[in-house]
Amino acid sequence: MDAQTPTPPGFSDMLAPRGANKQRDKKTFSIVPHHPGGFMSPNQLLKIAQVAQKYATTVNVTSGQQIMLIGLQRENVEKAWEELDREPEGLLGPRCRGVRFCPGIAFCKRATSDSIGLGTLLDKKFRGMDMPNKVKMSVAGCYLSCTAPAIRDIGIIGLDDDSYRILIGGAGGHAPRLADLFIEGVNRKQVLAICDRLLHYYKKRANPGERMHEFVPRFGLDRIRQDVLGDMADLPRWPTAEEEARRHGQPGELFPLETQTGGETSCPLP
Ligand code: SF4
């Protein structure tokens, strides 16, 4: 609706103010200030608490690693944003969501790679990009996979200092699917380039509304690999279709936790 179009009677009540979502009571709103990976300074956390105290009734830590302020009155939404001085997370609909990532080598004693560095770069580059449907991405700093990369549209697991595994086509929700191994042993620069190519490839070819976990089996993993990775220089070899078939016959081979972590499978707090 453009500025010239008169708002139908009663319709303006249904429109949410900038960066806000209408709640179930159809009167109040929630807002989510974006903090990549959920990382913030104590002062930033304090600021959220102060704004929440003034305008919200409830605070929720979301599954997307963000802090949601719930129960704001319409007239307070803009004031809350001004005081928070942050961008809204608010990216609903068919686009790349904020990237989830774990503490990685910056804080976690189990980590083998820099998930904060890579996750932040991915978040900056892709968050908000228009897609055929929502795209969820996560980065884990080691095989323990605290950010559940195996059930993301694109999941990345750090293997080593600058070596990552990329998984694609995973999903939770109503049609859960474990992601397929796309390629492993790629460095950070290559991860960014591969994600960029893959997302553009998916955007161009997927049916409207088709999620990555539907697109990958429909199009075929091997074909996507050839098209996306085929002309990239200096990539490690990826599994052949035969190796892939053998892998599926040996559950657990994809995530050999015991061999990678000396038997530890619990997740430590940072
Ligand atoms: S144990 Fe969990 S939090 Fe720590 S690096 Fe591994 S995946 Fe990240």
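**View 1. Tyr164 stands opposite Val186, a residue of E9.** This is a predicted model, where local features need pLDDT of at least 70, side-chain atom pairs count only at pLDDT 80 or more, and totals for chains, interfaces and linings use all residues. Residues are numbered from 1 along each chain as its sequence is written, and side-chain values use heavy atoms, leaving out hydrogens and water. The labels E and H are for strands (E, at least two residues) and helices (H or I, at least four residues), taken as DSSP runs and numbered from the N terminus. E8 and E9 are antiparallel partners, with 5 bridges between them; two strands pair if DSSP finds at least two bridges between them.

**View 2. Here is strand E8, residues 163-168, and its surroundings.** Is this strand enclosed or open? It is largely enclosed by the rest of the structure, because 6 of its 6 residues are buried. Buried means under 20% relative accessible area, exposed means over 50%, and partly exposed is in between (1.4 Å probe, protein chains only). Ser163, Arg165 and Leu167 point one way from E8, while Tyr164, Ile166 and Ile168 point the other way. On its E7 side, E8 pairs in the antiparallel sense over 6 bridges. Look for Gly155 here: its bridge partner in E8 is Leu167. A hairpin of 2 residues takes the chain from E7 to E8.

**View 3. Now the whole open sheet, with its 5 strands in the order E5-E6-E7-E8-E9.** The pairing in this sheet is mixed. Which strands sit at the edges? They are strand E5 (100-101) and strand E9 (180-186), each pairing on one side only. E5 runs parallel to E6, joined by 2 bridges, and Arg100 faces Ser138 of E6 as its opposite number. E6 (residues 137-140) also runs parallel to E7 (residues 154-160), this time with 4 bridges. Two opposite pairs to find are Met137 with Ile154 of E7 and Ala140 with Ile157 of E7. E6 is covered on both faces: Met137 and Val139 are buried on one side, and Ser138 and Ala140 are buried on the other.

**View 4. Phe182 is the residue to spot in strand E9.** Phe182 counts as buried because its relative accessibility is 0%. Asp222 is 40 residues away from Phe182 along the chain, yet their C-alpha atoms are separated by 8.9 Å.

**View 5. Lys26 and Asp85 are two loop residues with an unusual backbone angle.** Most residues other than glycine have a negative phi. Lys26 has a positive phi of about 60°, and Asp85 has one near 55°. Where do you find them? Lys26 is in the loop between E1 and E2, and Asp85 is in the loop between helix H2 (74-84) and E5. Lys26 is exposed, with a relative accessible area of 64%, and Asp85 is exposed too, at 62%.

**View 6. This is the largest pocket, with about 490 Å³ of space in it.** A pocket is an open set of points on a 1 Å grid over the protein atoms alone, where a 1.4 Å probe fits, with protein on both sides within 12 Å along at least five of seven lines; lining residues have an atom within 4 Å of a point. Points are joined across faces, edges and corners, and the volume is the space filled by probe spheres set on them. How many residues line this pocket? There are 21, and Thr62, Gly64, Glu89, Leu92 and Arg97 lie nearest its centre. Strand E1 (20-22) and strand E2 (29-31) each supply at least two lining residues. Domain 1 (17-84) and domain 2 (100-248) each give at least three, with bounds from an automatic or database domain assignment. By class, the lining has 7 nonpolar, 9 polar and 5 charged residues. Nonpolar here covers Ala, Val, Leu, Ile, Met, Phe, Trp, Tyr, Cys and Pro, charged covers Asp, Glu, Lys and Arg, and the others, Gly among them, count as polar.

**View 7. Last up is the ligand, with 14 residues around it.** The closest ones are Cys102, Cys108, Ala111, Cys142 and Cys146. A residue is near a molecule if one of its heavy atoms lies within 4 Å of it. What classes make up this shell? It has 10 nonpolar, 3 polar and 1 charged residues.
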